[in-house]
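Welcome! Please take a moment to look over the model below before reading on.

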Amino acid sequence: MSGAGRGYDVLVVGSANADLTVRVDRRPGAGETVLGTDLVESAGGKGANQAAAAARIGGRTALLARVGKDAYGDLLLAAQRAAGTDVSPVVVDAAARTGTAMIIVGPDGDNSIVVSPGANAALTPQDVAAARQTVAAATVLSLQLEIPIETVRAAAATAEECGTRVVLNPSPVPERLAPELLAAADPLVVNEHEARRLSGAADGTPRDWAHALRELGARSVVVTLGGDGALLLDGDGVHEVPGVTVDVVDTTGAGDAFTGALATRLARGDGLPDAARFAVRVGAAAVTKPGAQPSYPTLADLDALPHS
């Protein structure tokens with residue numbers, strides 16, 4: 001059903017992290033120390049990023065996550081409210097620290113990230129059960145893998161029971177994805193590394209990976225290709241979406257911006273190719289500014305981008 005018949009376009013069930021970012025002239029090698037810029041603290045986490053991206057482009061968005069009762073938790077909630085996300089489902093956990101991500105950004109804008117899950121590891125299937133009405137009120141449920149896998153499974157199963165479409169971004173990528181999660185994904189959203197690993201086709205092309213993932217059970221597949229756009233596979237065949245040429249400042253959270261935008265446009269009734277074309281533009285806009293959520297565009301910001 002379209003988003004008009006439900007209370008939310010997108011419900012994101014996933015992680016919320018404080019991003020601690022340092023820019024360096026070059027990444028350190030093993031045992032090496034390098035100097036970086038001042039530490040920048042900002043809102044992140046794949047789940048929270050996708051929610052913020054969806055909300056900033058006008059999606060009616062809610063977030064189910066866990067944060068600690070601490071300064072970073074306050075930072076994350078404030079950022080979601082500023083983006084326009086409904087944070088009423090978020091659980092504030094006095095017994096856990098808010099998750100953090102330590103991010104090193106190189107001169108080319110690419111990043112390396114280490115995540116300390118904190119409260120994210122305490123998001124449980126019981127939290128999903130308590131939010132069942134919120135799942136039922138959403139047209140699309142967006143999931144990632146920075147929370148316990150049993151919670152992801154519970155969310156996907158609840159979505160199926162409620163008739164809510166599932167968009168799954170299996171990141172961090174596992175060795176193998178549970179068959180029931182693959183079967184729920186419509187689409188499965190993967191970058192090239194994730195597609196290669198999950199498909200088992202190490203020497204293949206994005207087209208090969210997409211076909212292999214659909215044969216494994218995904219209803220549809222989106223392979224994101226960075227600056228080259230995306231490749232899609234659904235019941236109508238393969239679709240290629242070109243990239244948008246921009247000056248890259250920081251790629252942190254760009255994939256989440258893409259996924260949040262894709263979920264929003266699917267909820268609004270777009271077909272997968274049109275939704276992906278829009279999402280490519282959102283992802284491109286996100287890499288032109290530093291940080292994850294602080295870089296996410298509004299609809300007005302997208303007007304300034306060149307057309308592919």
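What follows is a short walk through one helix and several charged pairs.

Keep in mind as you look that this is a predicted model. A good place to begin is helix 1, which spans residues 46-56. Is this helix mostly covered or mostly uncovered? Helix 1 is mostly covered, with 10 of its 11 residues buried. The buried residues are Lys 46, Gly 47, Ala 48, Asn 49 and Gln 50, together with Ala 51, Ala 52, Ala 53, Ala 54 and Ala 55.

Which elements provide that cover? Several strands take part, including strand 1 (8-13), strand 3 (40-44), strand 4 (61-64) and strand 9 (138-143). Helices also help to cover the buried residues of helix 1, among them helix 2 (71-83) and helix 9 (254-267). After helix 1 comes Gly 58, and its phi is positive, near 100°.

Now let us turn to the charged side chains. In general, side chains of opposite charge can pair when their charged atoms come close. How many salt bridges does the structure hold? There are 14 salt bridges in the structure, and a few of them are worth finding on your screen.

Start with Asp 9 and Arg 268, whose side chains form a salt bridge at 2.9 Å, N to O. This pair connects distant parts of the chain: Asp 9 sits in strand 1, while Arg 268 belongs to the loop between helix 9 and helix 10 (272-286), 259 residues apart. Asp 9 has 0% relative accessibility, so this residue counts as buried. Arg 268 has 45% relative accessibility and therefore counts as partly exposed.

Next, look for Asp 93 and Arg 66, another salt bridge, with an N to O distance of 3.0 Å. Because Asp 93 is in strand 6 (residues 91-93) and Arg 66 is in strand 5 (residues 66-68), the pair ties together parts that are 27 residues apart in sequence. Are these two partners buried or exposed? Asp 93 is buried, at a relative accessible area of 13%, and Arg 66 also counts as buried, at 14% relative accessibility.

A further pair brings Asp 270 and Arg 265 together in a salt bridge, at 3.0 Å from N to O. Arg 265 counts as partly exposed because its relative accessibility is 26%. Finally, which residues are joined into one network by salt bridges that share partners? They are Asp 9, Arg 60 and Arg 268.

Note on methods. Residues numbered from 1 in each chain as written. Predicted model: local features only at pLDDT ≥ 70, side-chain atom pairs only at ≥ 80, totals over all residues. Heavy atoms only, no water. Buried < 20%, exposed > 50% of the residue type's maximum accessible area, 1.4 Å probe, protein only. Helix = DSSP H or I, 4+ residues; strand = E, 2+ residues; numbered from the N terminus. Contact = heavy atoms within 4.5 Å. Salt bridge = Lys/Arg side-chain N within 4 Å of Asp/Glu carboxyl O.
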